[in-house]
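Trainee: Please take a close look at the nonpolar core for me. Start there, then follow what lies around it and go on from that to the spaces and the odd backbone spots.

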Amino acid sequence: MSTADAFPQGPRPYRVVQWATGAVGRSVISGVLARDDMELAGVWVHAPEKAGTDAGVLAGRDPAGVIATADLDDILALDADCVVYAPSPTPDRSAELDLVCALLSSGKNVVSLNGFLYPRAHGPHYVNELEQACKRGRASVHGSGISNGFMADAMPLMLTRLSRRITHVYAREVSDFARHPSWRMVHRMLGFGKDEDAYRRALRPARTAMRALYSESLHLVAAGLGIDLDEVDLDVDHRLARTDLTTAAGPIPRGTVAAARWRFSGLAGGRPVITIEVVHKASAGEMCEEWGRPGYSLRVDGEPSLTLAADSEWVSDPISAATAHALNAVPAVCAAEPGIRTHLDLPMIGGRMRV
């Protein structure tokens, strides 16, 4: 049975709300407007100056007849099937939990592009809050994405189908931010362009946010392999720019932080069993190749051992790919029984071909 047969289109298109209008959110709006099985029901914006603007205009398209709002109550009152949740990452997981629970309680399914891949990683209270909200709204929540939601978790699990006696699973992502236009992402969130003292002062909240995000991937892979993790270990290192670097988000002066490597290890039986490495570089083309070139590497140690590598060209547009992954999941999530629905709970999801 194809995924199209498993989730046939209902009597009307899926009514989709987009939460936040950054680069990914704008891509989601365009993606919804381009599909004949979906219609845009609403858009929430973080910046007050965007409120009152047509969603199509925000996405760089012709007017769509849907006006963006900065008021949560406006979104909760909408008649909609699903919210694609794509805000900027935040270290405050509790505030984010309350928001997503409000969306679920209002009867809207949630497909998240920022966390919620495996909520059980955050403990029973977190899970109970989500499950109760899903029960109240008869809705489901699902985490999606690319770096989280596919290459760090779903793809490694797919590789393990070809191996037995598995001893270790490893995934590495190397990202080049030379062409990333967001000053907030490159300088504030990643900390590039800061001196070492300022960077180290900002590490504490960054560690909290990154651990919360990537521990979900580790626990998801562990659950897929039938094991429980005892703990998650985190190690972070950084490198300084040897010369002045030029990026789309502004210059990175010589002697400031220009690269970071985050390593997350899931421990069981006293040893690392799942490892995820995340490398960020301000301008990979102008830096040495320490920590690898941009792209992805996956390895499964077992019988047989398996390796899969992809360079930075493996996907022509990562933002569009993340959008497609989320929107392709909407029919499955809307059809699922209410509750937390991870990649382990839903059937295989694919795209649709146009002939």
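Mentor: In this predicted model, the largest nonpolar core has 40 residues, and the members that touch the most other members are Ile-252, Trp-262 and Phe-264. Five elements each supply at least two residues of this core: the helix α10 (196–224) and the strands β6, β7 (231–240), β8 (257–268) and β9. Of these, α10 gives the largest share, 9 residues. As a general point, nonpolar side chains in soluble globular proteins tend to be buried together.

Take Ile-252 as a worked case. Leaving out residues up to four places away in sequence, Ile-252 touches Val-186, His-187, Phe-192, Gly-193, Ala-241, Thr-243, Asp-244, Leu-245, Thr-247, Val-257, Ala-258 and Ala-282. There is also a second core, separate from this one, with 38 residues, including Val-28, Ala-68, Tyr-296 and Leu-306.

One of the contacts of Ile-252 is Gly-193. Gly-193 sits in the loop between α9 (183–189) and α10. Gly-193 has 28% relative accessibility and therefore counts as partly exposed. Apart from residues up to four places away in sequence, Gly-193 touches His-187, Ile-252, Pro-253, Thr-256 and Val-257. Gly-193 and Gly-250 are 57 residues apart along the chain, and their C-alpha atoms are separated by 9.0 Å. For another pair, compare the two scales yourself: Gln-132 and Leu-344 are 212 residues apart in sequence and 20 Å apart in space, C-alpha to C-alpha. Gln-132 belongs to helix α6 (residues 124–137) and is partly exposed, with a relative accessible area of 34%.

Next, a charged residue that touches the core. Glu-277 lies in strand β9, one of the elements that supply the core. Glu-277 counts as buried because its relative accessibility is 6%, and buried means under 20%. Its contacts, not counting residues up to four places away in sequence, are Tyr-170, Ala-171, Arg-172, Glu-173, Arg-261, Trp-262 and Arg-263. Trp-262 is one of the core members named at the start.

Glu-277 also leads to an enclosed space. The structure holds 2 cavities of 30 Å³ or more, and the second largest has about 60 Å³ of space. Its lining is made of Ser-147, Met-151, Ala-152, Ala-171, Arg-172, Glu-173, Tyr-214, Ile-276, Glu-277, Val-278, Tyr-296 and Leu-298. By class, that lining has 8 nonpolar, 1 polar and 3 charged residues. At least two lining residues come from each of α7 (147–151), β6 (164–176), β9 (271–281) and β10 (295–303). Note that β6 and β9 also supply the largest core, while Tyr-296 of the lining is a member of the second core.

An open space is worth setting beside the cavity. The second largest pocket has a volume of about 610 Å³. It is lined by 21 residues, and Phe-150, Ala-154, His-325, His-343 and Ile-349 lie nearest its centre. The lining divides into 14 nonpolar, 6 polar and 1 charged. Two helices, α8 (154–159) and α11 (318–335), each supply at least two of the lining residues, and α11 gives the most, with 4.

Another buried charged residue is found in a loop. Asp-81 lies between α4 (72–76) and β3 (82–85), and its 18% relative accessibility is why it counts as buried. The side chains of Asp-81 and Arg-12 are joined by a polar contact of 2.9 Å. Other residues in contact with Asp-81, beyond four places in sequence, include Pro-13, Tyr-14, Lys-108 and Cys-334.

Last, the backbone. Most residues other than glycine have a negative phi, and most peptide bonds are trans. Arg-165 is not a glycine, yet its phi is positive, about 50 degrees. Arg-165 lies in strand β6, and at 60% relative accessibility it counts as exposed. Trp-291 also has a positive phi, near 75 degrees. Trp-291 is in the loop between β9 and β10 and counts as buried, at 10% relative accessibility. A cis peptide bond joins Glu-303 and Pro-304, with omega about -5 degrees. Pro-304 is in the loop between β10 and β11 (306–311).

Methods. Residues numbered from 1 in each chain as written. Predicted model: local features only at pLDDT ≥ 70, side-chain atom pairs only at ≥ 80, totals over all residues. Heavy atoms only, no water. 1 Å grid on protein atoms, 1.4 Å probe; cavity = no way out; pocket = protein on both sides within 12 Å on 5 of 7 lines; lining within 4 Å. Points joined across faces, edges and corners; volume = space filled by probe spheres on them. Nonpolar A, V, L, I, M, F, W, Y, C, P; charged D, E, K, R; others polar. Core = buried A, V, L, I, M, F, W, Y, C linked by side-chain atoms within 4.5 Å. Buried < 20%, exposed > 50% of the residue type's maximum accessible area, 1.4 Å probe, protein only. Contact = heavy atoms within 4.5 Å. Polar contact = N/O pair within 3.5 Å; in protein donor to acceptor, adjacent residues only side chain to side chain.
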